[in-house]
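Okay, hi everyone, thanks for squeezing me in. I'd like to walk you through one structure, so let me put it up on the screen.

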Amino acid sequence: MGLMNSTDTVLDEKAVVAAAERALADVAAVRSEVAKVIFGQERVVENTMLALLSGGHALLVGVPGLAKTKLVTTLGTVLGLHSSRIQFTPDLMPSDILGSEVMDQDESGRRSFRFVKGPVFAQLLMADEINRASPRTQSALLQSMQEYHVTIAGQRYDLPAPFHVLATQNPLEQEGTYPLPEAQLDRFLLQVDVLYPELDAERQILLETTGRSEAKPREVIAADRLQEIQSLVRQMPVSDKVVDAILALVRSARPGHGNATTDKNVAWGPGPRAGQSLMLTARARALYEGRLAPSLDDVYALAEPVLQHRMALTFAARAEGMSVRDVIGGLVKQARG
């Protein structure tokens, strides 16, 4: 195998920069189109987009009526993804989302089984109120999210690419719900908290959505273009300073690793997947904001959505009214110095 000379290296760098600049333009166009339909909620839109640009899944947590469903359907349209929606209920069975085999009979009377695909066979799956599903159904979705295929009667069926799950959860509902297990929460790249809109945004919502016509999103990029951007995100350079900051932050959130506040208040902390998520989403955030490399600010801005569903507080900390967000905020403050 021949060695690459300096001219080849320069050409490669120029090609990556040119590809990044095209991606910046596409991402800016996507942001603009989404803003025509979703008013305010810039942080929610940004974090959900970062999960998709990173090739992962996101958990949207908020009370009903905050446009979570509308955001998912809008992103599906704008990104050119084939999307489907599942409304989770306690009686939902795994076959209801994965699909099932049905028996066919031809003209000669010969019988055979045929697999009918379920709604999980989509590029963008909205799992509405995912915590209402039974653990059996949740585990079936978990395989899809992690393995990108399902197994029915011993036969493997690959899911379409790209494949993303945007799940919603109502934090107020406790009756008739099944809390997601830690293993499944860890599969979500980000937890995005959806809060009430600001006054000006809510005013715009009232004016724009109660008239005779309502803005409709249009497709800006195709699914294969999204995959190209996802591949580019993984090629973006990350400085040693940013890598060290990610490692320091994730490790400081684990009890027994030298942080007194964590040792006192945290029962268990994030694993290596949290660091992987920070690496990917920090790169995606740089691209989302028009930059070609992530910075320390990207890491600290994403600390809460990446870490909060991967940690648990001790009983004593919860009794004192402390939240996971408080702990993460303190760790970020320490990291900033």
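I'll start with the whole chain, then go to one sheet, and finish with a domain from a record.

First, please keep in mind that this is a predicted model. The chain has 15 helices and 11 strands. If you follow the C-alpha trace along its principal axes, it spans about 75 × 60 × 55 Å. What about the radius of gyration? For 337 residues, a compact globule would come in near 20 Å, and this chain has 22 Å, which agrees. Buried residues make up 47% of the chain. The surface that the chain exposes is about 17300 Å², with carbon and sulfur atoms supplying 52% of it. And here's one on contacts: take those between residues at least 6 apart in sequence, and 77% of them join residues at least 24 apart.

Okay, now the sheet. It's an open sheet of 5 strands, and the order goes β2-β5-β8-β1-β9, with parallel pairing. At the edges you find β2, residues 83-87, and β9, residues 190-193, and each of those pairs on one side only. On average, neighbouring strands here are turned by 20 degrees against each other, ignoring direction. If pairing is new to you: strands of a sheet pair through backbone hydrogen bonds, either parallel or antiparallel.

Let's go across. β2 runs parallel to β5, residues 124-128, and 5 bridges join them. In that pair, Ser-84 sits opposite Leu-125 of β5. Next, β5 and β8 pair in the parallel sense over 4 bridges, and there Ala-127 faces Ala-167 in β8. β8 also pairs with β1, again parallel and over 4 bridges. Ala-167 turns up here too, with Leu-59 opposite.

So is β8 buried or exposed? Well, 6 of its 6 residues are buried, so β8 is largely enclosed by the rest of the structure. In a regular strand, side chains alternate between the two faces of the sheet. You can see that on β8: His-164, Leu-166 and Thr-168 point one way, while Val-165, Ala-167 and Gln-169 point the other.

There's a helix to look at here as well. Helix α2, residues 42-53, lies across β1, β5, β8 and β9, and α2 runs at about 165 degrees to β9.

Last stop: an unreviewed UniProt entry places a feature called "domain: ChlI/MoxR AAA lid" at residues 263-327. In the model, that stretch is 62% helix and 8% strand, and its end C-alpha atoms are 11 Å apart.

That's my tour, thanks for listening!

Terms used:
Residues are numbered from 1 along each chain as its sequence is written. This is a predicted model: local features need pLDDT of at least 70, side-chain atom pairs count only at pLDDT 80 or more; totals for chains, interfaces and linings use all residues. Side-chain values use heavy atoms; hydrogens and water are left out. Two strands pair if DSSP finds at least two bridges between them. Helices (H or I, at least four residues) and strands (E, at least two) are DSSP runs, numbered from the N terminus. Axes are lines fitted to C-alpha atoms, for helices over the stretch in contact, and angles run from 0 to 180 degrees between N-to-C directions. Contact means heavy atoms within 4.5 Å. The radius of gyration is taken over C-alpha atoms; the globule rule is 2.2 Å times the number of residues to the power 0.38. Buried means under 20% relative accessible area, exposed over 50%, partly exposed in between (1.4 Å probe, protein chains only). Accessible areas come from the Shrake-Rupley method with a 1.4 Å probe; for residues, only the protein chains shown count as cover. UniProt positions are given in the numbering used here, feature names are shortened, and annotations may be inferred rather than shown by experiment.
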